[in-house]
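Me: Please take one part of this model and go through it closely, and then show me how it sits within the rest. I am a first-year student, and I would like each term explained when it comes up.

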Amino acid sequence: MQSLFRLDNVSFSSRGVQIVENASLSVQKGTVTAFLGKSGSGKSTLLKLTAGLLQPTFGTVYYGEQNIHTLSRMETEIFRKKCAFMFQDSALWANQNIFQNLSLPLMIHFPEMNAEERFQRIQNVCAVVGFGKDLFLRPADLSTGEQKLAGFARALICEPEILFLDECTESLDRKSRETMCQILDSFLKKGNTIVYVSHESGFISRYPGTIYIVESGKVQIKEIKKNTEADA
Amino acid sequence: MDMVSAIGSTIIDQMKSIPYGLGYFGKMIESSAAFVSRGKAARKILIMQLLFTFIEALPITSILAVVLGSSIFLMGYPFLLSLGKSSLIYSLLVTIMSRELGPILIAFVVTARSATAIATEIGGMVTSHEIEAYISVGVDPIDHLGAPRFLGVTGSMFFLTLYFSFCGLLAPAVIIQFIHPVPFAEYFSGLFEEFTIRTIIVSLVKSIFFGMIIATVSTYYGFAVERASTEVPVAGIQAVGKSILFIVLVDAFITVLSYVF
């Protein structure tokens, strides 16, 4: 089976601090992959390296057969349209309101879409994820949980095939968590791919898949677990 | 010996960063050239940059131009008159206001206001992962954040320099009437005799280069922030320091060229 993403001896350091060391792993299409480990072990950095958001200091990240960092402008656009990243701290653009935060990816990937269609799509996605606040508020006017939902809406807005989730359920109430899980269930049923980092045991047991344990920047163990709930 | 090796390694590091800096400048030019066709989503950033760097800088530019232009005339005219060379005041005024001091003074104003603002804003976006968020949705941060600032700051420098010359040369005509009255006709004919195409070209070339320097240096240091919020003010300081250094060097280079050719 061909890997969707492959990390080949990837290391990453910042200001002389080694964060990820010789990580080699692969992500298969249509599966769930989890990076688990203690706080500060380098999971989020590994997730960002896999998504091509960070450039490795050494080693190569492959998307299919291609080095993710040597894709042409056109190939990068297609790749970015297919994947979405949900950040641990939401990373909403602070100087733009929620509507603009959700509108920008649509303007980039669906330039043919007019303003009314964009507004409609944004309203629909916000309704699906359960974001009920005014779309014209800025991120600073929202609670952490609401920012998280807006971040999730931004990740889903272009209907991606691959989702990178960094502590996606953190700061969410039980109802919002359940809504998010239902969306992820239907996302997976379509044959899409999820790569995530989480500390929440409920979420991990619901989405086990391929698990990589990260310790001090090193990928230690690979386990493949089946979803018992799905089996049942 | 340790100090010598420390100085040496600093120089080597600086030398190594030159090709990277030039590459960044090239990328900025390329992104700015392509901005017209693919910069639809970032037009608001360009407008806001023009508003902040050009429109909001007009009051301070006006005050500087009026005060400086009038002071030069009021101090220089009696002195030159006593030497029987009063007509030289127009040459002095045009050279200082339009060709030499004007562009560099405006560049310092823009550096103080915009270089710090740009570097700290972009640096803050790096630490809050907003830049990574741009990359994740397929937006090149240099295209989206760098290019509109490059065009905005360069355009603002160009128009502010023109405005400074305009105010700095015209305002003394009115103000001197209260102290050393000179007929308007004499004042303007003296001014136009000294105001050559070469002066205009040198002034505007300087303003464009200074604008490009300020925008490139400030965005460069903003994007260079890595992780900690403590790096953000440092980026602002570096942006101002390096902008001033490059502005002075380029100013000297263009001035020498303009007098040689």
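The reply below begins with one helix and then moves outward.

Reply: This is a predicted model, in which local features need pLDDT of at least 70 and side-chain atom pairs count only at pLDDT 80 or more, while totals for chains, interfaces and linings use all residues. Residues are numbered from 1 along each chain as its sequence is written, and chains are lettered from A and ligands numbered from 1 in the order in which they are written.

The part to look at is helix α3 of chain B, which covers residues 58-82. Helices (DSSP runs of H or I, at least four residues) and strands (runs of E, at least two) are numbered from the N terminus. The 25 residues of α3(B) should span 36 Å at 1.5 Å a residue, and the C-alpha atoms at its two ends are indeed 36 Å apart, so expectation and model agree. The expected span here is 1.5 Å times one less than the number of residues.

The helix α3(B) also has a kink of about 30° at B:G76, which comes shortly before the proline B:P78. Such a bend is the angle between two axes, one fitted to the seven residues ending at the residue and one to the seven starting there.

Which residues of α3(B) are buried? They are B:T61, B:A65, B:L68, B:G69, B:F73 and B:Y77. A residue is buried if 20 or more other C-beta atoms lie within 10 Å of its own, exposed if 12 or fewer, and partly exposed in between, with C-beta atoms placed from the backbone. The cover over these buried residues of α3(B) includes two other helices of chain B, α4 and α6 (141-175); cover is judged by contact, which requires the C-beta atoms of two residues, placed from the backbone, to lie within 7 Å.

If you now follow the chain past the end of α3(B), you come to B:L83, which belongs to the loop between α3 and α4 of chain B. Is B:L83 buried or exposed? It has 8 other C-beta atoms within 10 Å, and therefore B:L83 counts as exposed. From B:L83 to B:A239 there are 156 residues in sequence, and their C-alpha atoms lie 45 Å apart in space. Also just after α3(B), B:G84 takes a positive phi of about 75°.

The loop leads into α4(B), a helix of 40 residues (88-127), which should span 58 Å at 1.5 Å a residue; its end C-alpha atoms are 55 Å apart, which agrees. Like α3(B), which is kinked at B:G76, the helix α4(B) has a bend, here of about 65° at B:L101, and the proline B:P103 follows within four residues. Just after α4(B) comes B:H129, which has a positive phi of about 65°.

Stepping back to the whole of chain B, you will find 9 helices and 0 strands. Its C-alpha trace spans about 65 × 55 × 35 Å along the principal axes. Of the 261 residues in chain B, 39% are buried. Among the contacts in chain B with a separation of 6 or more, 88% are made by residues 24 or more positions apart.

Chain B also touches chain A, and this contact takes 14 residues from chain B and 21 residues from chain A. Chain A has 8 helices and 10 strands, and its C-alpha trace spans about 45 × 45 × 35 Å along the principal axes. In chain A, 41% of the 232 residues count as buried, and residues 24 or more positions apart account for 69% of its contacts with a separation of 6 or more.

Within chain A, 4 strands form an open, antiparallel sheet in the order β2-β1-β4-β5. Its edge strands, each pairing on one side only, are β2 (17-28) and β5 (66-67) of chain A. Two strands pair if DSSP finds at least two bridges between them.

Strand β1(A) pairs with β2(A) in the antiparallel sense over 8 bridges, and the two form a hairpin with 2 residues between them, where A:R15 in the turn has a positive phi of about 50°. Beside this turn, A:S14 has A:V17 as its bridge partner in β2(A), and A:S13 has A:Q18. Strand β1 (residues 3-14) of chain A also pairs with β4 (residues 58-63) of chain A, antiparallel and over 5 bridges; there A:D8 is bridged to A:T60, and A:S11 stands opposite A:F58.
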